[in-house]
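Reader: I have a model open and would like to talk through its fold with you before I set anything up. Could we start with how the strands are paired?

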Amino acid sequence: MTPPGLRSIDIRQLRYFLVLAEELNFRRAAERLHLTQPPLSRQIAALESALGVTLLDRDGPATRLTTAGQRARMAFQAAVQAFDAALAEAAAGGLRGTLRLGLPWWMDMSAFQALDAGWRATAGRMPLEPVLETGPQLLDGLRRQSLDAALIAMPHELHGLRHAPVASLHHVALLPSGSALARKRALRLRELEALPPFLRFPKRQNPALWMHYQRQYEAVGFRPTAEAAAPGTTATIAQIAAGRGCTLMPVALARQRYRGVVARRLLDDISVEVHLVFSDGLEAELVAALTAERALFEAALR
């Protein structure tokens, strides 16, 4: 029988610990998980409390795994892999009632209901179950087959996964409504140098995509005087609303109105290609059906 304390542990806490065990840094792990540090710390503390052991040595200049933490890391990796394999097996056996679709963390989810309804009406299929994550996390889900398909901003190393182009997304500038630049209807990218810091995702989070944007910035002579890590859509927009920086986002986010933030058209073409990428475990029939309905996914992204 499972001890009562262990029943409170869920798979999410194990995933959080495994990311932290890789980074050995709460800030970097929180960034990868799109959390702030306090909730991550609380989840790890709850996990340690339920287990009755200390997994991390937080004393000293660096965070380290304890002996118990090293054992737990190996055990949790096996448990998470078994959990994901069980999900994939259940899905392959037709027990799944939804198609698990990974979406980029910056997607405007107000368009998802129309996407889901259009997919079910046109393709006559099961509903879509959305999962928002970063590109690397989406790809990891596809490889582990905990996701069936995902919309992923390119470039990425797909390692042979089947994929189909969906859309080329242009970007707009998001900046404080009280700034002088907010009075303009369209901007050159270099004008954002006057609104430091420039908020963008960390290079280590996705080096290939980071360099994709960097090459476009350099091509138009954009050299921010200061940069800071974008802490996810909601926190980034809140920071801009407070007058602390600016960023670029796909134009779909301009559909929403955020108090204290304005979206302005860019005169420079900053864009990204989005592909629909499929898990190896997804049936060929569903791959063909999803590919045939690319227009639905394109509409949801624009």
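Author: Before the pairings themselves, one definition is needed: two strands are said to pair if DSSP finds at least two bridges between them. With that in hand, strand β12 (residues 271–278) and β6 pair in the antiparallel sense, over seven bridges. Please keep in mind throughout that this is a predicted model.

Reader: Okay, and which residue in β12 is the bridge partner of Ala-164?

Author: Ala-164 has Leu-276 as its bridge partner in β12.

Reader: Which other strands does β6 join, and how many bridges are there to β11?

Author: Strand β6, which covers residues 163–176, is joined by five bridges to strand β11 (residues 261–266), and the two run antiparallel. Within that pairing, Leu-174 has Ala-263 as its bridge partner, while the partner of Ala-173 is Arg-264. Strand β6 is also joined to strand β10 (residues 247–250), again in an antiparallel arrangement, through four bridges. There, His-171 is matched with Pro-250.

Reader: Is β6 largely enclosed or open, and why?

Author: It is largely enclosed by the rest of the structure, because ten of the 14 residues of β6 are buried. The cut-off behind that word is a relative accessible area under 20%.

Reader: Back to β11 for a moment: in what sense does β7 pair with it?

Author: Strand β7 (residues 186–187) and β11 pair in the parallel sense, with two bridges between them. In that pairing, Ala-186 stands opposite Arg-265 of β11.

Reader: Let me zoom out. How many helices and strands are there overall, and how does the radius of gyration look for 302 residues?

Author: The protein has ten helices and twelve strands. Its radius of gyration is 21 Å, which agrees with the value near 19 Å that a compact globule of 302 residues would have. Along the principal axes, the C-alpha atoms fill a box of roughly 65 × 55 × 35 Å.

Reader: What share of the residues is buried, and what about the surface and the charges?

Author: Of the 302 residues, 45% count as buried. The exposed area is about 14,800 Å², with carbon and sulfur atoms supplying 53% of it. As for charges, there are 36 positive and 28 negative side chains, and the centres of those two sets lie 6 Å apart.

Reader: And the contacts, what fraction joins residues at least 24 apart?

Author: If we take contacts between residues at least 6 apart in sequence, 74% of them join residues at least 24 apart.

Reader: Switching to the helices, where is Gln-13, and is Gln-13 buried or exposed?

Author: Gln-13 sits in helix α1, which spans residues 11–23. It is buried, because its relative accessible area is 6%. Leaving aside residues up to four places away in sequence, Gln-13 touches Ser-8, Gln-43, Ala-46 and Leu-47.

Reader: What about Ser-41, where does it lie, and how far is it from Arg-244?

Author: Ser-41 lies in helix α3 (residues 37–51). At 29% relative accessibility, Ser-41 counts as partly exposed. Ser-41 and Arg-244 are 203 residues apart in sequence, and their C-alpha atoms are 26 Å apart in space.

Reader: Now the backbone, since I always check it before building anything. Where are the cis peptide bonds?

Author: One cis peptide bond joins Met-154 and Pro-155, with omega about 10°. Pro-155 is placed in the loop between β5 (149–153) and β6. Another cis bond joins Pro-196 and Pro-197, where omega is about 0°, and Pro-197 is found in the loop between β7 and β8 (198–200).

Reader: Which residues other than glycine have a positive phi?

Author: Leu-24 is one of them, with a phi of about 50°, and Gln-145 is another, with phi near 65°. Such places catch the eye because most residues other than glycine have a negative phi, and most peptide bonds are trans.

Reader: Where do those two sit, and are they buried or partly exposed?

Author: Leu-24 is in the loop between α1 and α2 (26–33), and it is partly exposed, with a relative accessible area of 32%. Gln-145 is in the loop between α6 (135–144) and β5, and it is partly exposed as well, at 27%.

Conventions. Residues numbered from 1 in each chain as written. Predicted model: local features only at pLDDT ≥ 70, side-chain atom pairs only at ≥ 80, totals over all residues. Heavy atoms only, no water. Rg over C-alpha atoms; globule rule 2.2 N^0.38 Å. Buried < 20%, exposed > 50% of the residue type's maximum accessible area, 1.4 Å probe, protein only. Contact = heavy atoms within 4.5 Å. Areas by Shrake-Rupley, 256 points an atom, 1.4 Å probe, with all protein chains shown as cover. Lys, Arg positive; Asp, Glu negative; His and termini not counted. Charge placed at Lys NZ, Arg CZ, Asp CG, Glu CD.
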